[in-house]
Amino acid sequence: MPELERELRDLAGTLEFPATPDLAARVRRDLPAQPRPLWPRRLALAVGVAFLALALGLAVSPARSAILRFFGIGSVQIEFVERLPEVRLTSPLELGAEIDPADAPFTLLQSDLLGDPDGVYLRDGVVTLLYGSPERVRLLVSQIADGGSAPAIAKKLVGTGTSVELVEIPGVAEPGVWIRGRPHVLLLPGGPPRLAGDTLLWTRDFVTLRLEGAQSREQAVEIAESIR
Amino acid sequence: MGRARFQTEEGRGNPTPLQGVEGEVVGRPRDEAELVARAQRGDDDAYEELVRMHQEIAFRVAYVHTRSAADAEEAAHDGFVKAYRALRRFRRGRPFRPWLLAIVANEARNRRRSAGRRQALALRAADQIRPGDAAPSPEAAVLESERRALLLEAVDRLSEEHRLVVACRYLLDLSEEETASALGIRKGTVKSRLSRALERLRKEVGDA
């Protein structure tokens, strides 16, 4: 080992760190009771969606592309706009750099149903599992960890002609959101905007997931249930 | 070397035999996997034991980020509570420590901007002799001690990014994977950032 590195390691042994507090007892006391209460969040989301449906119905905005309303699920923000921005078609998709799944910035959730993905990509904290090939995508599963190093916020712009529904996913505490109908615009950090098809969004513990490419809402839910 | 010191306190109240940091990196004891599995089933005793096993490294990782003992304690505490809530998404068989440190470090980063005095890392006053070495002559001991102080000051003067990667990898003896988790960067970035930080340090203090 080069000398400087050896010196640094030696230095470690002579450092004076503040005494480690005994956290175990305090943490134990502060652990959330099980099962965790889920109603407040669920209710808030339901009210949010109802409110949005109302806002879409009224849709009287002075600026043509004004944002009508937005709400968020996990790390994804959904904005309802009257008109979608122009989006250039990108092919193949720009998902970021291909990585080894072991190098993902957080532990990826995996699906027993889908098996190993054909490619794993990372761009600014968003990890995307690709099934198929970049040219012929069968399915995309993106994962964003809450509280990663960079606050990765993905945005979805939804125009009229696209509907947003709450869906229950078995085994998942909080309901997900199913966006279907006319394509919507997806903005991921660091990437160009692109049009996206029917998409399921949900959170499992501290990860926000986004599934695109399912043939139906039922199939999307079935896949979502398998990702853990 | 210095590792021996880290173990002494870490082993407190720990049913597993004392082990070097290398041991932890290569494979945590089977006990840990068992504790994680029990905690995932809702066994709070098991989780408390996990906290005890990792509280020292968690606190120190938080401390190198916040440079305030009070902030580090809060960050480590909150990190452990959050990790508990996220425990169901932890995949068994994967190393627990990098996963935990990522959560704790994130808490620490969120507190870094809070007001309060920032402390620099300090050398233990009485510690001039490396355990296991033959006792050096008094002159050599003084030289070594001066050299260490110089090196530590140079580490302290590095940019935040470089200081953290050096602190995690060398001063806390984290593995590359753990360093990547604690800093929220990729392993490749750890390597390149570390090599730039070492280059910088070499310019400041030279090789011994």
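Two strands are taken to pair when DSSP finds at least two bridges between them, and with that criterion in hand the reader can begin in chain A of this predicted model, where Trp178(A) stands opposite Leu200(A) of strand E13. The strands concerned are E10(A), residues 176-181, and E13(A), residues 199-204, which run antiparallel and are joined by three bridges.

This pairing belongs to a wider arrangement, an open sheet of eight strands in chain A whose order is E4-E5-E6-E7-E14-E13-E10-E9, with antiparallel pairing. At its edges stand E4(A), residues 97-98, and E9(A), residues 162-167, and because each has a single partner strand, one side of each is left without a neighbour in the sheet. Helix H4(A), residues 217-226, lies across E9, E10, E13 and E14 of chain A, and its direction is at about 150° to that of E10(A).

Chain B is built in another way, since its secondary structure comes to ten helices and one strand, arranged along the sequence in the pattern α-α-α-α-α-α-β-α-α-α-α. Of the 208 residues in chain B, 39% are buried. Among its contacts between residues at least 6 apart in sequence, 64% join residues at least 24 apart.

One helix pair in chain B can be followed in detail. The axes of H4(B) and H5(B) come within 8 Å and cross at roughly 135°, which makes H4(B) oblique to H5(B). The crossing of H4(B) and H5(B) is right-handed. On the side of H4(B), the contact is made by residues including Tyr47(B), Val51(B), Phe59(B) and Tyr63(B), while H5(B) contributes, among others, Ala72(B), Ala76(B), Phe80(B) and Tyr84(B). By class, the residues of this contact of H4(B) with H5(B) divide into twelve nonpolar, three polar and two charged.

Further along chain B comes helix H9(B), residues 176-183, where six of the eight residues are buried, so that the helix is largely enclosed by the rest of the structure. The buried residues are Glu178(B), Thr179(B), Ala180(B), Ser181(B), Ala182(B) and Leu183(B), and the elements they pack against are the helices H4(B), H6(B), H8(B) and H10(B). H9(B) is followed by Gly184(B), which has a positive phi near 65°.

It remains to see how the two chains meet. The contact between them takes 56 residues from chain B and 38 residues from chain A. On the side of chain B that touches chain A, the elements giving two or more residues are the helices H1, H4, H5, H6, H7, H8 and H10 together with strand E1, and H4(B) gives the most, with ten residues. That side of chain B has 27 nonpolar, six polar and 23 charged residues. H4(B) therefore appears in several parts of this account, as it crosses H5(B), is packed against by the buried residues of H9(B) and gives the most to the side of chain B that touches chain A, so that its role in the description is a recurring one. 

Strand pairing also links the chains, for E1(A), residues 15-16, and E1(B) pair in the antiparallel sense over two bridges. Within this pairing, Glu16(A) stands opposite Ala122(B) in E1(B).

How values were computed:
Residues numbered from 1 in each chain as written. Chains lettered and ligands numbered in written order. Predicted model: local features only at pLDDT ≥ 70, side-chain atom pairs only at ≥ 80, totals over all residues. Buried ≥ 20, exposed ≤ 12 C-beta atoms within 10 Å, placed from the backbone. Helix = DSSP H or I, 4+ residues; strand = E, 2+ residues; numbered from the N terminus. Contact = placed C-beta atoms within 7 Å. Nonpolar A, V, L, I, M, F, W, Y, C, P; charged D, E, K, R; others polar. Axes fitted to C-alpha atoms, helices over the stretch in contact; angles between N-to-C directions. Parallel < 35°, antiparallel > 145°, perpendicular 65-115°, else oblique. Left-handed = near helix turned anticlockwise from the far one by under 90°.
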